[in-house]
Amino acid sequence: MAGAGDEMLGTSPEIEKVRALIAQAASSDARILIRGENGTGKELAARAVHRLSGRRDKPFVEVNCAAIPDTLIESELFGHERGAFTDAYGSRKGRFELASGGTLFLDEIGDMSLAAQAKVLRAIQEQKIEKIGGEKTIDVDVRIVAATNQDLEKAAEAGRFRQDLFFRLNVVPINLPALRERKTDIPLLLDHFLAQLSSQKIVIDDAAAAVLTSYQWPGNIRELRNFAERLVIMYTGGVVGESSVAELLKIKTGNAVGTGGISGTGGISRDETNAQSAIPAPDMKLLLETNIDQARENFEKYYLQFHFSRSNGIIPKMAQAIGITPVSLNAKLRKYGIIPGTAKE
């Protein structure tokens with residue numbers, strides 16, 4: 001999710017489901033555990049929970065548990081009194097106290113030490129904290145939203161995460177989809193980022209758009225925004241084609257990476273497409289009488305030839321239709337001699 005402020009952009013069923021769940025859960029004070037790969041927008045989802053809650057006018061305080069050393073995490077969370085440790089020259093409020101009345105967002109909760117987990121569990125249960133070096137108990141009123149990219153159930157089984165804390169946090173689970181699971185949102189998100197980054201109108205042609213939607217986006221929305229930034233730097237306006245997109249993503253489409261020879265049909269000219277020898281439908285009796293590995297290869301070759309013809313040799317279009325990346329598809333087509341290149345040995 002990406003957007004202006006706390007907005008979550010997208011029209012895919014996957015993101016609509018997340019938005020509906022956030023809206024439903026936000027009205028309560030129930031603890032929420034947001035899960036998702038890096039770059040899927042967990043902080044933005046947490047801010048949306050806060051914005052839609054009755055605590056919207058109170059503080060939203062974030063703690064990146066992975067970025068704070070174990071020796072400092074308790075001081076960050078609960079605060080300290082003067083002289084509590086070396087360099088503690090004055091009293092300091094912790095994040096629990098600063099967030100009182102509002103929402104405390106514990107990002108990357110899976111990276112928190114077991115010692116800190118125990119104290120967080122106590123603070124959640126009792127809504128009370130004590131500063132390091134302090135003797136006074138402080139009442140706090142915080143709504144906890146936590147996030148992680150880890151499998152906390154497995155971490156609990158391995159003894160790296162407290163099971164009782166997991167159950168306390170996982171009252172309302174929200175799972176954020178990876179960008180590859182909501183590909184219909186890519187054009188909208190890209191247009192949004194481009195409009196944010198530049199006043200120049202940049203247009204992505206159809207072949208380039210097919211590359212973008214067939215790409216797997218391992219870095220999710222964060223990677224898409226970085227791509228938009230590179231696009232703005234490299235192109236000042238006009239129409240961006242398939243070869244330019246492939247070069248910026250460092251992937252192959254057609255003949256090569258980022259070469260001017262990549263055409264709008266995935267690098268395969270019409271003459272080359274017509275020149276491919278037709279692969280006849282396999283004889284079922286012969287197919288069934290061969291060993292399983294050979295049968296699998298025979299079918300895959302026929303399957304690829306069929307879809308290659310159906311897509312008119314447009315590799316990004318074909319990759320999207322059969323559900324693999326253009327890079328993997330390109331290798332398979334060359335393997336079976338369907339396009340020029342290294343034939344199958």
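So, what is the strand order in the open sheet of 5 strands? Reading across, we get β2-β5-β8-β1-β9, and the pairing is parallel. Before I go on, keep in mind that this is a predicted model.

Let's start at the edges. Those are β2, residues 60-64, and β9, residues 172-175. Each has a single partner strand, so one side of each is left without a neighbour in the sheet. Going from one strand to the next, the twist averages 20°.

There's a helix on this sheet too. Helix α1, residues 13-26, packs on it and touches β1, β8 and β9. The direction of α1 makes about 155° with that of β9.

Okay, now β8, residues 143-148, which I'd like to walk through from both sides. With β1, residues 32-35, it runs parallel, and 4 bridges join the two strands. If you want to find the register on screen, I32 has V145 as its bridge partner, and R35 is partnered with T148. With β5, residues 103-107, there are 4 bridges to β8, again running parallel. Over there, L104 stands opposite I144.

And is β8 buried or exposed? Buried: 6 of its 6 residues are, so the strand is largely enclosed by the rest of the structure. Both faces are covered, with R143, V145 and A147 buried on one side, and I144, A146 and T148 buried on the other. Yes, that list does have an arginine in it, R143.

Next, the cores. As a reminder, in soluble globular proteins nonpolar side chains tend to be buried together. Here the largest nonpolar core has 31 residues, and the members touching the most others are L77, F96, L104, L106, I109 and V120. Who supplies it? At least two residues each come from β2, α3 (70-78), β5, α5 (114-126), β8, α6 (152-157) and α7 (163-169). The biggest giver is α5, with 5 residues.

Have a look at F96 while you're in there. Leaving aside residues up to four places away in sequence, F96 touches L77, F78, L104, V120, A123, I129, V140, V142 and I144. Two of those names came up a minute ago: L104 and I144, the residues that stand opposite each other across β5 and β8.

Last thing: there's a second, separate core, with 25 residues. Among its members are A208, L224, L231 and I251.

That's my tour; happy to rotate the model for anyone.

Note on methods:
Residues are numbered from 1 along each chain as its sequence is written. This is a predicted model: local features need pLDDT of at least 70, side-chain atom pairs count only at pLDDT 80 or more; totals for chains, interfaces and linings use all residues. Side-chain values use heavy atoms; hydrogens and water are left out. Two strands pair if DSSP finds at least two bridges between them. Axes are lines fitted to C-alpha atoms, for helices over the stretch in contact, and angles run from 0 to 180 degrees between N-to-C directions. Contact means heavy atoms within 4.5 Å. Buried means under 20% relative accessible area, exposed over 50%, partly exposed in between (1.4 Å probe, protein chains only). A nonpolar core is a set of buried Ala, Val, Leu, Ile, Met, Phe, Trp, Tyr and Cys residues joined through side-chain atoms within 4.5 Å.
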